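I set out below the notebook entries from my reading of one model. Each entry opens with what I looked up.

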Amino acid sequence: MERIMVARVSDIPALRSRTVKVAGTEIAVFKLSSGELHAIENRCPHKSGKLSEGIVCDHHVFCPLHDWKINMKDGLVQAPDEGCVTTFPVEVDAEGKVFLLLNKDSLSA
């Protein structure tokens with residue numbers, strides 16, 4: 001498992017995201033209103049909309065293209081739509097640095 005620093009907690013506004021590209025995969029790191037962080041592949045499975053540009057509500061993000069609702073905890077698209085995006089573990093250290101925990105199998109490269 002590779003640990004990659006991608007931001008500081010203070011760099012990501014609440015209900016917004018920060019995007020990073022790792023090994024050819026674009027990842028969006030979202031901060032919920034609770035301060036909880038979630039990282040998901042920045043591509044809707046429907047028409048490849050940039051999820052980082054979507055609206056965040058609770059632990060879901062709505063794709064800006066066609067309003068698909070995606071659970072950021074498990075990556076599943078909510079019914080009646082179907083599909084999923086890859087999720088990535090996030091870790092925050094005592095100094096507020098945000099790390100993604102990645103393995104080569106989790107990236108499309």
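**Entry 1. Ala79 and Pro80**

Does Ala79 count as buried or exposed? I worked on a predicted model throughout. In that model Ala79 counts as exposed, at 72% relative accessibility. I located Ala79 in the loop between strand 7 (69-71) and strand 8 (87-88). Pro80 lies in the loop between strand 7 and strand 8 as well. I then checked the peptide bond from Ala79 to Pro80 and found it cis, with omega near 15 degrees. For a distance across the fold I took Lys69, which is 10 residues from Ala79 in sequence. The C-alpha atoms of Ala79 and Lys69 are 8.2 Å apart.

**Entry 2. Positive phi values**

I looked up backbone angles next. Asp58 has phi near 60 degrees, a positive value in a residue other than glycine. I placed Asp58 in the loop between strand 5 (55-57) and strand 6 (60-62). Its relative accessible area is 55%, so I entered Asp58 as exposed.

Asp67 also has a positive phi without being glycine, with a value near 65 degrees. I found Asp67 in the loop between strand 6 and strand 7. Asp67 counts as exposed, at 52% relative accessibility.

**Entry 3. Cysteines**

How many disulfides does a search of the whole structure find? The search returned 0. I asked why Cys57 forms no such bond. The closest cysteine sulfur to that of Cys57 belongs to Cys63 and is 16 Å away, which is too far for a bond. I noted Cys57 as partly exposed, with a relative accessible area of 45%.

Cys63 is in no disulfide either. For Cys63 the nearest cysteine sulfur is that of Cys44, at 3.8 Å. A disulfide requires the two sulfur atoms to be within 2.5 Å, so I did not enter this pair as one. Cys63 counts as buried, at 5% relative accessibility.

**Entry 4. His38**

I turned to a histidine in a strand. His38 lies in strand 4 (residues 37-41). Is His38 buried or exposed? I recorded His38 as buried, because its relative accessible area is 11% and the limit for a buried residue is under 20%. The side chain of His38 makes a polar contact with the side chain of Glu36, at 2.9 Å. Setting aside neighbours within four places in sequence, I listed the contacts of His38 as Ala28, Val29, Phe30, Leu32, Met72, Lys73 and Val90.

**Entry 5. Nonpolar cores and Met72**

I looked up how nonpolar residues are grouped. In soluble globular proteins, nonpolar side chains tend to be buried together. The largest nonpolar core here holds 14 residues. Which of them touch the most other members? They are Phe30, Ile40, Leu51, Val61, Ile70 and Met72. A second, separate core has 13 residues, including Ala7, Val29, Ala39 and Leu102.

I then followed Met72 on its own. Not counting residues up to four places away in sequence, Met72 touches Phe30, Leu32, His38, Ile40, Val56, His59, His60, Val61 and Thr87.

**Entry 6. Thr87**

From Met72 I moved to Thr87, which I found in strand 8. Thr87 counts as partly exposed, at 29% relative accessibility. What does Thr87 touch, not counting residues up to four places away in sequence? I listed Ala39, Ile40, Met72, Lys73, Asp74 and Gly75. Thr87 and Ile27 are 60 residues apart along the chain, and their C-alpha atoms are separated by 8.8 Å.

**Entry 7. Ser52**

Ser52 is found in the loop between strand 4 and strand 5. With residues up to four places away in sequence left out, Ser52 touches Ser17, Thr19, Ala28, Phe30 and Asn42. I also took the C-alpha separation of Ser52 and Gly83, which is 18 Å for 31 residues in sequence.

**Entry 8. Aromatic rings**

How many aromatic pairs does the structure hold? I entered 0. I did find a charge over a ring, where the charged end of Arg3 sits over the ring of Phe99. The distance from that charged end to the ring centre is 3.7 Å.

Note on methods: Residues are numbered from 1 along each chain as its sequence is written. This is a predicted model: local features need pLDDT of at least 70, side-chain atom pairs count only at pLDDT 80 or more; totals for chains, interfaces and linings use all residues. Side-chain values use heavy atoms; hydrogens and water are left out. Helices (H or I, at least four residues) and strands (E, at least two) are DSSP runs, numbered from the N terminus. Buried means under 20% relative accessible area, exposed over 50%, partly exposed in between (1.4 Å probe, protein chains only). A polar contact is a pair of N or O atoms within 3.5 Å; within protein, one must be able to donate a hydrogen and the other to accept it, and residues adjacent in sequence count only if both atoms are side-chain atoms. Contact means heavy atoms within 4.5 Å. Rings of Phe, Tyr and Trp (its six-membered ring) pair if their centres lie within 6.5 Å; planes under 30 degrees apart count as stacked, over 60 as edge-to-face and the rest as tilted. A charge sits over a ring if NZ of Lys or CZ of Arg is within 6 Å of the ring centre and within 35 degrees of the ring normal. A nonpolar core is a set of buried Ala, Val, Leu, Ile, Met, Phe, Trp, Tyr and Cys residues joined through side-chain atoms within 4.5 Å.
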